[in-house]
Amino acid sequence: MKPIIGLIPLYDDEKESYWMLPGYMKAVEKSGGVPIMLPFTQDKDELTVAYGLCDGILFTGGHDVNPTIYGQVISDKCGMACETRDVMEGFLLDLCVSDNNPLLGICRGIQFINAYLGGTLYQDLPTEYKSDVEHHMKPPYDNVIHNIDVRGNTKLANIIGAGIHGVNSYHHQAIKELAEGLEAMAISEDGLVESIAIKNQKFAIAVQWHPEFSYDSSDDSKKIMKAFVDACM
């Protein structure tokens with residue numbers, strides 16, 4: 001049986017609609033999993049039922065994480081937050097960690113996991129973290145825009161290898177202070193945490209870049225998605 005992967009839905013505030021980028025779905029499918037979009041709700045009973053159908057959870061990109069989660073006042077450079085996403089992701093993250101079930105975070109996913117577990121974020125990199133490295137690239141989004149250094153003896157190193165790797169990048173927030181329960185697995189060339197693992201979990205990792213955009217062109221992206229889906233079997 002193929003594992004079922006629950007994907008956090010994206011939300012369009014203007015159209016008041018739920019949606020999903022096909023790259024997330026296709027990457028899971030090509031890696032041997034069956035993707036399903038979870039209900040967009042704060043109802044814990046409904047989320048518990050949906051979670052029970054899944055073998056793993058993919059925390060997708062999307063809205064900025066509300067700074068109140070990590071004890072900060074919202075700045076004028078912070079983008080729109082989404083209360084329902086913050087609530088449902090916190091509930092699902094707790095379930096995954098409690099059950100030691102596999103999870104993968106992408107972009108917002110790494111940011112939310114860090115913030116929810118006690119870390120902090122840069123609300124806006126261009127104004128809070130001066131760097132010549134491009135973190136908010138223009139299309140096509142499957143191109144390499146900067147390098148990361150994958151630390152040895154980490155889960156990510158076991159998947160794609162330690163050392164220098166090229167990644168795409170499309171974000172304006174990032175990890176500032178790392179939560180105590182997390183391990184930094186990769187660092188960007190300008191010093192930002194680009195990948196983390198939740199300690200003492202079977203497979204609970206997150207990346208700041210976008211393997212759903214680069215899945216067809218990047219062997220690293222293929223390996224990351226395949227390792228996640230395999231962990232869900």
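Biologist: In this predicted model, does Asn-200 count as buried or exposed?

Modeller: In this predicted model, Asn-200 is found in the loop between strand 12 and strand 13. The cut-off for an exposed residue is over 50% relative accessible area. Asn-200 has 77% relative accessibility, and therefore it counts as exposed.

Biologist: What is the phi of Asn-200?

Modeller: Most residues other than glycine have a negative phi. Asn-200 is not a glycine, yet its phi is positive, at about 65°.

Biologist: Which residue with a positive phi follows helix 3?

Modeller: The loop between helix 3 and strand 6 (103-106) contains an asparagine, Asn-100. At 32% relative accessibility, this Asn-100 counts as partly exposed. Its phi is about 55° although it is not a glycine. The residue that follows helix 3 with a positive phi is thus named: Asn-100.

Biologist: How many Å does helix 3 reach from its first C-alpha to its last?

Modeller: Helix 3 has 17 residues, and 24 Å is expected at 1.5 Å a residue. The reach in the model is close to that expectation, at 25 Å.

Biologist: What covers the buried residues of helix 3?

Modeller: The buried residues in helix 3 include Met-88, Phe-91, Leu-92 and Leu-95. Charged residues are also among the buried ones in this helix, including Arg-85, Asp-86 and Glu-89. What covers the buried residues of helix 3 includes strand 2 (10-12), helix 2, strand 5, strand 6, helix 4 and strand 12.

Biologist: Which element gives the most residues to the largest nonpolar core?

Modeller: The largest nonpolar core has 34 residues, and those with the most contacts inside it include Ile-57, Leu-92 and Leu-103. Among the elements that each supply at least two residues are helix 2 (44-52), strand 5 (56-59) and helix 4 (108-116). With six residues, the element that gives the most to this core is helix 3.

Biologist: How many residues are in the second, separate core?

Modeller: In soluble globular proteins, nonpolar side chains tend to be buried together. The second core is separate and includes Tyr-24, Cys-107, Val-150 and Ala-227. The number of residues in this second core is 32.

Biologist: Which residues does Ile-113 touch, not counting residues up to four places away in sequence?

Modeller: Ile-113 is one of the residues with the most contacts inside the largest nonpolar core. Not counting residues up to four places away in sequence, Ile-113 touches Leu-93, Leu-103, Gly-105, Leu-182, Ile-196, Ile-198 and Ala-206.

Biologist: Which residue in strand 6 is the bridge partner of Leu-58?

Modeller: In strand 5, Gly-56 and Leu-58 point one way, while Ile-57 and Phe-59 point the other way, and all are buried. Strand 5 runs parallel to strand 1 (residues 4-7), and three bridges join them; there, Gly-6 stands opposite Ile-57. Three bridges also join strand 5 to strand 6, and these two run parallel. In strand 6, the bridge partner of Leu-58 is Leu-104.

Biologist: Why is the pair of Phe-112 and Tyr-116 stacked?

Modeller: Both residues lie in helix 4, four residues apart, which is about one turn of the helix. At 0% relative accessibility, Phe-112 counts as buried, whereas Tyr-116, at 31%, counts as partly exposed. Planes under 30 degrees apart count as stacked. The ring centres of Phe-112 and Tyr-116 are 5.4 Å apart, and the pair is stacked because the planes stand at 20°.

Biologist: Which residues form one aromatic cluster with Tyr-11?

Modeller: The structure holds eight aromatic pairs. One of them joins Tyr-11 and Tyr-18, tilted, with 6.0 Å centre to centre and 45° between the planes. Tyr-18 counts as partly exposed at 48% relative accessibility. The residues that form one aromatic cluster with Tyr-11 are Tyr-18 and Phe-40.

Biologist: Which residue has its charged end over the ring of Tyr-215?

Modeller: Tyr-215 is one of the residues touched by Ser-221, and Ser-221 lies in helix 8 (residues 219-231). Ser-221 counts as buried, at 2% relative accessibility. A charged end sits over the ring of Tyr-215, 5.6 Å from its centre, and it belongs to Lys-222.

Biologist: Which peptide bond is cis?

Modeller: Most peptide bonds are trans. Pro-140 is found in the loop between helix 5 (125-128) and strand 8 (146-150). With omega near 0°, the cis peptide bond is the one from Pro-139 to Pro-140.

Note on methods: Residues numbered from 1 in each chain as written. Predicted model: local features only at pLDDT ≥ 70, side-chain atom pairs only at ≥ 80, totals over all residues. Heavy atoms only, no water. Buried < 20%, exposed > 50% of the residue type's maximum accessible area, 1.4 Å probe, protein only. Contact = heavy atoms within 4.5 Å. Core = buried A, V, L, I, M, F, W, Y, C linked by side-chain atoms within 4.5 Å. Expected span 1.5 Å × (residues − 1). Phe/Tyr/Trp six-rings, centres within 6.5 Å; stacked < 30°, edge-to-face > 60°. Lys NZ or Arg CZ within 6 Å of the ring centre and 35° of its normal. Pairing = 2+ DSSP bridges.
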